[in-house]
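Biologist: I would like to learn how to read a model like this one, feature by feature. Could you walk me through it?

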There are 2 protein chains.
Amino acid sequence: MKILITNDDGIYSKGLRAAVEAVKDLGEVYVVAPLFQRSASGRAMTLHRPLRAKLVDVPGAKVAYGLDGMPVDCIIFALARFTDFDLAISGINLGENLSTEITVSGTASAAIEAATNGIPSIAISLEVSREKYKFGEGSEVDFSTASHFLRKVARAVLRGGLPEGVDMLNVNVPDDATEETGIAVTRLAHRMYRPTVEERVDPKGNPYYWIVGRKCREFEPGTDVYALKVERKVSVTPINIDMTARVDLREVERLF
Amino acid sequence: MKILITNDDGIYSKGLRAAVEAVKDLGEVYVVAPLFQRSASGRAMTLHRPLRAKLVDVPGAKVAYGLDGMPVDCIIFALARFTDFDLAISGINLGENLSTEITVSGTASAAIEAATNGIPSIAISLEVSREKYKFGEGSEVDFSTASHFLRKVARAVLRGGLPEGVDMLNVNVPDDATEETGIAVTRLAHRMYRPTVEERVDPKGNPYYWIVGRKCREFEPGTDVYALKVERKVSVTPINIDMTARVDLREVERLF
């Protein structure tokens, strides 16, 4: 079995190394991951400049490249260089990735890119409290329970494949989970954040603006947000990459 | 009616100005668009640094801000500052945005962000031949037919709203379209590009890598790619932002 691992926190992130450790005996592990922190990079691709690649030592991986690009670039690079993966894993991300806003996440977007190439894929994220969150590093964070669930999900996918119509699994683990924590199969919540803008004034008196992601407080049962935030369960959401609305197309034709 | 317009080619792009001209008499037009070219930026958000905003003169707009961020940042900024839009338009993009790979596009991603906020939205893109494509500018490109179709679609959405289950319309106009060209309501093709990597060697003898998007040659009837590339019709694809796979969740539960 050939397993590709990437992330958006960067190749030196503890979460990526935990992912490698979790699955290294399930197959040959190839790592291609960004050299730098690329959180919230979406499905951005680097088309306007070339990329550099650097061999990095990642214990447990057959080979590991750091790329000075985006998570999606890493998938493209890996497929061009190594081909034929049985599974792609993106993570373990520092911080949860939930709701239809997962397309903001570089972690989820890398898994979506792999899925577009027909590779069953898993995006996995660990809820992290604000205190423990160190931007792109996470040295204070314990990934052992998330590793346990990644291993469980990866094994299941390698053994049975994904059900018809499922391209990818989006997995989120609560920060207080143990190996006994239950798994909830969920749908994406409508949203998780309600981003807004905070205006400040620089030392010269000119305004500048921070994008701020305020968390929504509505939790709807059955969603990934509800499973993680209310039930404190591990959420697994089956994803299909096709966003075509499932409506009678004649209803749309009637508009014009 | 309040209409928000953004794009990913930047606020000085001819396509954005054509979009403003197309709808300026359907409502009050607000423009918030990136100051710089942001093609293929996906749904990236700028969270690690603050943004600057600059008032720009865009004929036909009530107000126009250029932001040194991403298309999605522009939507967030616009909603924080102006609120209550009846319609969001992203485009007119220089070059088509087709297939499930639209989530790579900053144009489509801005419309998705607006849709997440409950605003009916339209992403509109004009097929552009390689010869006419000037990165981020497009001064050689004639947007008049695309403007005609944008106006037609925008009017329909402002009048009747989007059908239940449709969050956004993704519109693509062939480069040889006329006002008589037919509209095809389509689904997203599986993919449009098959990206790969081209290795080169720098003057010092070290390798570097270009991501190259090779176009797929398979065209499946009913898809946006087929409508544009084979039928030479204007493609309109209804989009739902929820990527949860429409499968029996018990099939997924059985995996674990």
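Biologist: Let me begin with a small detail. Which residue is the bridge partner of A:I3 in β5(A)?

Modeller: Happy to start there, and please keep in mind that this is a predicted model. The partner of A:I3 is A:L87. That pair belongs to a longer contact: β1 (residues 2-6) and β5 (residues 87-94) of chain A run parallel and are joined by four bridges.

Biologist: How do I go from one pair of strands to the whole sheet? In which order do the strands of chain A stand?

Modeller: Follow the pairings from neighbour to neighbour. In chain A this gives an open sheet of nine strands, ordered β3-β4-β2-β1-β5-β6-β7-β11-β8, with mixed pairing. At its edges stand β3 (53-55) and β8 of chain A; each has a single partner strand, so one side of each lacks a neighbour in the sheet. If you ignore direction, neighbouring strands are turned against each other by 20 degrees on average.

Biologist: And the helices? Which strands of chain A does helix α1 touch?

Modeller: Helix α1 (residues 14-23) of chain A packs on the sheet and touches β1, β2 (28-34) and β5 of chain A. Its direction makes about 140 degrees with that of β5(A). Another helix to look at is α2(A), which lies across β1, β2, β3 and β4 (63-67) of chain A and runs at about 140 degrees to β2(A).

Biologist: Now chain B. What does its sheet look like?

Modeller: In chain B, nine strands form an open sheet in the order β3-β4-β2-β1-β5-β6-β7-β11-β8, and the pairing is mixed. The edge strands β3 (53-55) and β8 (183-185) of chain B each pair on one side only. Let us pick another pair of strands here: β5 (residues 87-94) and β6 (residues 121-126) of chain B run parallel, joined by five bridges. Within that pairing, B:I89 stands opposite B:I122 of β6(B).

Biologist: Which strands does helix α4 of chain B lie across?

Modeller: Helix α4 (residues 144-160) of chain B lies across β1, β5, β6, β7 (168-173), β8 and β11 (234-239) of chain B. Relative to β5(B), α4 runs at about 165 degrees.

Biologist: What about the backbone itself? Where is there a cis peptide bond in chain A?

Modeller: Look at omega: the bond from A:G91 to A:I92 is cis, with omega near 0 degrees. A:I92 sits in strand β5 of chain A. In chain B, a cis peptide bond joins B:G91 and B:I92, with omega about 0 degrees, and B:I92 is likewise placed in strand β5 of chain B. For phi, turn to B:A40, a residue other than glycine with a positive value near 60 degrees. B:A40 is in the loop between β2 and β3 of chain B.

Biologist: How are the two chains related? What turn lays chain A on chain B?

Modeller: A turn of 180 degrees with a shift of 0.0 Å along the axis does it, at an RMSD of 0.0 Å. That is the relation of a two-fold axis. In chain A, the C-alpha nearest this axis belongs to A:G42, at 2.6 Å.

Biologist: And how do I judge the contact between them? How many residues of chain A are in contact with chain B?

Modeller: In chain A, 73 residues are in contact with 74 residues of chain B. Of the interface residues of chain A, 100% are also interface residues in chain B, so the copies meet through the same surface. The size of an interface is often given as the accessible area lost when the parts come together. Here about 6,600 Å² is buried between chain A and chain B, with carbon and sulfur atoms giving 69%.

Biologist: Which polar pairings cross the interface, and how many salt bridges are there?

Modeller: Between chain A and chain B there are four salt bridges and 26 residue pairs in polar contact. On the chain A side, the elements that each supply at least two residues include α2 (71-81), α3 (106-116), β9 (193-201) and β10 (207-215). One salt bridge to inspect links the side chains of B:R81 and A:E199, at 3.1 Å from N to O.

Technical notes. Residues numbered from 1 in each chain as written. Chains lettered and ligands numbered in written order. Predicted model: local features only at pLDDT ≥ 70, side-chain atom pairs only at ≥ 80, totals over all residues. Heavy atoms only, no water. Pairing = 2+ DSSP bridges. Contact = heavy atoms within 4.5 Å. Axes fitted to C-alpha atoms, helices over the stretch in contact; angles between N-to-C directions. Least-squares fit on C-alpha atoms with pLDDT ≥ 70 in both. Buried area = accessible area lost by both parts, 1.4 Å probe. Polar contact = N/O pair within 3.5 Å; in protein donor to acceptor, adjacent residues only side chain to side chain.
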